[in-house]
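Here is a short briefing on one protein chain. Please look over the sequence and the fold, then read the points below.

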Amino acid sequence: MTLSLRRRFAQLADELRNDPRIDVLAVELPAPAGDAEIAAAATVIGGRSDALARFYAELDGFTLRWRLRDASDHGTVELLPLAELVKDWRGVTWFEDRDEYRGVRPWDFFAPEACAALVDDAGAGGLRGTVHYHYLGEVLCDTGHGIDAFLDRLIAARGYWYWVEALCPAMRGSPEAQRFLERMPELFDDFDAGFFEPVG
């Protein structure tokens, strides 16, 4: 039987809480978004993303923050509520005089300057089929993974700081991605680096 996303996120939080090496600083598992809210969002971002609708039908976002007690390792997940996802991101991801990132909608806003994002598919009336990594105002990278596959990897990564850069061919050599790939096998026995190979 496949576990619900809510249950998988709850299990992740419990796993980290039960690890004596780790302090869990925050966990939030909100109630689901309402049917009317999900329907209204479809008019903004298009109605083609069944995976996104399933996510918000289970919980309206998710927050997790943790840190290793005796080291600098830490993780953050900040999956935004649906109302935040569909709002106008002017002044954050795009500006009137520079709008190349106008279609970027932060989804996992794990750092003030970076996020995993969903991107409007210009002219198609919906979202692109894959999750992107966005460093605000500078970088937009397609991870090659759809919403379900991205969430599988987010859970396996435990939201480790900047883990998503490992999915981007151009970012895989970054210090953050390399630290994630080096430290995770030392911290968690079930970590499989092959699960985070860039697509394509």
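R105 counts as buried, at 10% relative accessibility. Its salt-bridge partner D120 is partly exposed, at 23%. This is a predicted model, and the values below are computed from it.

**The R105–D120 pair**

- The side chains of R105 and D120 meet in a salt bridge, with N and O 2.9 Å apart.
- R105 sits in strand β4 (residues 104-111) and D120 in strand β5 (residues 114-121), so the salt bridge ties together parts 15 residues apart in sequence.
- The burial cut-off is under 20% relative accessible area. R105, at 10%, therefore counts as buried, whereas D120, at 23%, counts as partly exposed.

**Other salt bridges and charges**

- Side chains of opposite charge can pair when their charged atoms come close.
- How many salt bridges does the count come to? The total is 16.
- D73, R179, R183 and E186 are joined into one network by salt bridges that share partners.
- R17 and D14 form a salt bridge at 3.1 Å, N to O.
- R17 and D14 are three residues apart in helix α1 (residues 5-17), so about one helical turn separates them.
- An α-helix has 3.6 residues a turn, so residues three or four places apart point the same way.
- R17 is partly exposed at 47% relative accessibility, and D14 is partly exposed at 32%.
- K87 forms a salt bridge with E84, and their closest N and O atoms are 3.3 Å apart.
- K87 counts as partly exposed at 32% relative accessibility. E84 counts as partly exposed at 30%.
- The chain carries 21 positive and 35 negative charges. The mean positions of the two sets are 2 Å apart.

**Overall fold**

- The chain has six helices and eight strands.
- Along the sequence, the elements follow the pattern α-β-α-α-β-β-α-β-β-β-β-β-α-α.
- The radius of gyration is 17 Å, close to the 16 Å that the globule rule gives for 200 residues, so the chain is as compact as a globular protein of that length.
- The C-alpha trace spans about 45 × 35 × 30 Å along its principal axes.
- Of the 200 residues in the chain, 48% are buried.
- Among contacts with a separation of 6 or more, 56% are between residues 24 or more positions apart.
- The accessible surface of the chain is about 9500 Å². Carbon and sulfur atoms account for 50% of that surface.

**Helix α5 and the loop after it**

- Which residues of α5 are buried? They are I147, F150, L151, R153, L154, I155 and A157.
- The cover over these buried α5 residues includes α1, α3, β3 (74-79), β4, β5 and α6.
- Strands β4 and β5, which hold R105 and D120, are thus among the elements that cover α5.
- R158 comes just after α5 and takes a positive phi of about 55 degrees. R158 is a residue other than glycine.
- R158 lies in the loop between α5 (147-157) and α6 (175-187).
- R158 is buried, with a relative accessible area of 5%.
- Y162 is found in the loop between α5 and α6. Phi of Y162 is near 65 degrees, again positive in a residue other than glycine.
- Is Y162 buried or exposed? Y162 is buried, with a relative accessible area of 5%.

**G61 and its surroundings**

- Where is G61 found? G61 is in the loop between α3 (50-58) and β2 (62-68).
- G61 is buried, with a relative accessible area of 0%.
- Leaving aside neighbours within four places in sequence, G61 is in contact with P30, F55, Y56, L79, L80 and P81.
- G61 and E176 are 115 residues apart in sequence. Their C-alpha atoms are 25 Å apart in space.

Methods:
Residues are numbered from 1 along each chain as its sequence is written. This is a predicted model: local features need pLDDT of at least 70, side-chain atom pairs count only at pLDDT 80 or more; totals for chains, interfaces and linings use all residues. Side-chain values use heavy atoms; hydrogens and water are left out. Helices (H or I, at least four residues) and strands (E, at least two) are DSSP runs, numbered from the N terminus. The radius of gyration is taken over C-alpha atoms; the globule rule is 2.2 Å times the number of residues to the power 0.38. Buried means under 20% relative accessible area, exposed over 50%, partly exposed in between (1.4 Å probe, protein chains only). Contact means heavy atoms within 4.5 Å. Accessible areas come from the Shrake-Rupley method with a 1.4 Å probe; for residues, only the protein chains shown count as cover. Lys and Arg count as positive and Asp and Glu as negative; His and the chain ends are not counted. The place of a charge is taken as NZ of Lys, CZ of Arg, CG of Asp or CD of Glu. A salt bridge is a side-chain nitrogen of Lys or Arg within 4 Å of a carboxyl oxygen of Asp or Glu.
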